[in-house]
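Here are my comments on the model, as promised. Have the coordinates open while you read, and go through the points in order.

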Amino acid sequence: MKRLTSVLLILALALGVFVSCKKGSSEKVESAATKKAESSDTKKADVTKVGFVVINDESDQGYTWNFMNGMTSAVDKLNKEGYNVELIVKRNTTESSLAKDNNLELVSEGCKIIFNNSYGFEPHMLEAAAEAGDGVHFVGMTNCGGQNPQNIDNPYLHNAFAAIYEGRYLAGIAAGMKLNQMIEQGKITKDQALIGYVGAYSFAEVISGMSGYYLGAKSVCPSVKMIVQFVGTWGDATLEEAAAKALIDKGAVMISQHSDTTSPALAAQKAGVFHTGYNTDMTGAAPEASLLSCRIDWTRYFYTAIKDYIEKGSFAKDWTGTVKDGDVVITKLNEKIAAPGTQQALDKAQEAFHNGTLNVFDTSTFTVDGGKKLTSAFAVDTNGDFVTDSKEAVWDGVFHESYPEFQSAPYFGAKIDGITWLNSAF
């Protein structure tokens, strides 16, 4: 009896140990999971300061307004999801040493990511990044922003832009359809189908966009020609208006722009010609002239970049948005003045972008240098001219603009036949 009692006691003790161990094991697993959740919650609770250096302010109703709209939408979304993001903005920054000063001020204020929204900020941003050292991420938007050879391996330098030439191609279709209607109505002849384009500077970003626009117009109106006036600034309303008027005086019946204000739209309406815009819907400013605008929706990029930084410690080194991804968009068509069939033509082109059958720079659709086919060009740009590099940009009959393995910043700098430059501005 004693032996049986002893056996039962041993079994009971063993079972108690087993139960105790099992219970302890379970508690350890729960503790690890709890710690992981707490760690995630801590990341969300910690304040992440984000800096933004912008060239104008929201009152431009164009370029900076569009950037700020995307940024504030992204930050609002992140905060609603429990991320504690604080945005600090340096507005009306000139493309000068002030850009460096503003970047360094944001570093001193504790910003861990600093976005720069203008091409001319790049050298100043890179100087600030060198002084700031590791730990702060700098993003150049529209330019190379750290994708230069000497900076490409630096994990704290980033670049972001979008294939806005796709959006401009779509806007060009709307313009070309309107020109066709004017020809059919006898208001102009085929030879008078002339577009005037107000450009900021004569370098790749502008050249790429205006070329895409022209090719979109030409795809539906084969006789179209385009003249370009560069103003040497991004957002001077007076200069943009003067350039638009000069283009109209030379016979332009359609105005478009790669500049930041609504002045070209207003000049077009005053002169009784038509217009397509950039960055914001300009039909409100010029309802009798402006057909639509193309723009980049920056919301998805800002949201993803900031969230990835909070959760992973870094984010995309080089980012390109597209029509297919919903980052390049056009505003609502002004049906009151648009040519019949325009929306259908736009829908067809957008579908082609989505399924990959439309390439803006298909070399069979344009020539250069008085009739030559573009068969070779390199993916590095210096003031609008190609320089020798190891990365050939033309293959399979297409110039591959903003190619992911090259850089998101534009590098198309060819002068397409049918486009006449009235001046240049670097």
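**Notes on the predicted model**

1. Start with one helix pair: S97, A99, K100, N103, L104 and V107 of α3 are in contact with H124, M125, E127, A128, E131 and A132 of α4 (contact means heavy atoms within 4.5 Å). Sorted by class, this α3–α4 contact holds 6 nonpolar, 3 polar and 3 charged residues. For the classes, Ala, Val, Leu, Ile, Met, Phe, Trp, Tyr, Cys and Pro are nonpolar, Asp, Glu, Lys and Arg are charged, and the others, Gly among them, are polar.

2. Some housekeeping. This is a predicted model, so local features need pLDDT of at least 70 and side-chain atom pairs count only at pLDDT 80 or more, while totals for chains, interfaces and linings use all residues. Residues are numbered from 1 along each chain as its sequence is written, and side-chain values use heavy atoms, with hydrogens and water left out. Helices (H or I, at least four residues) and strands (E, at least two) are DSSP runs, numbered from the N terminus.

3. Back to the geometry of that pair: α3 (residues 97–108) and α4 (residues 122–132) pack at about 35°, their axes 8 Å apart. Axes here are lines fitted to C-alpha atoms, for helices over the stretch in contact, with angles running from 0 to 180 degrees between N-to-C directions. The α3–α4 crossing is right-handed (near helix turned clockwise from the far one by less than a right angle; anticlockwise would be left-handed).

4. Now the sheet. It is open, with 6 parallel strands in the order β2-β1-β3-β4-β5-β11; two strands pair if DSSP finds at least two bridges between them. Because β2 (84–90) and β11 (318–321) are at the edges with a single partner strand each, one side of each has no neighbour in the sheet. From one strand to the next the twist averages 20°.

5. Look at the β2 edge. β1 (residues 47–53) runs parallel to β2 and is joined to it by 7 bridges, and V53 has K90 of β2 as its bridge partner. Helix α2 (residues 63–80) lies across β1, β2, β3 (113–116) and β4 (137–141), at about 160° to β2. Helix α3 also packs on the sheet, touching β1, β2, β3 and β4, and its direction makes about 170° with that of β1.

6. A second helix pair deserves a look. The axes of α5 (residues 164–184) and α6 (residues 204–218) come within 6 Å, crossing at roughly 35°, and this crossing is right-handed. Among the residues that meet are Y165, R168 and A171 in α5 and M210, Y213 and L215 in α6. The α5–α6 contact divides into 9 nonpolar, 6 polar and 1 charged.

7. Is β9 (residues 274–278) enclosed or open? Since 5 of its 5 residues are buried, β9 is largely enclosed by the rest of the structure (buried is under 20% relative accessible area, exposed over 50%, partly exposed in between; 1.4 Å probe, protein chains only). F274, T276 and Y278 cover one side, H275 and G277 the other. β8 (residues 254–258) pairs with β9 in the parallel sense over 2 bridges, and I255 is bridged to H275.

8. Last, V329 sits in strand β12 (residues 328–330) and is partly exposed at 23% relative accessibility. Beyond neighbours within four places in sequence, V329 contacts S293, C294 and R295.
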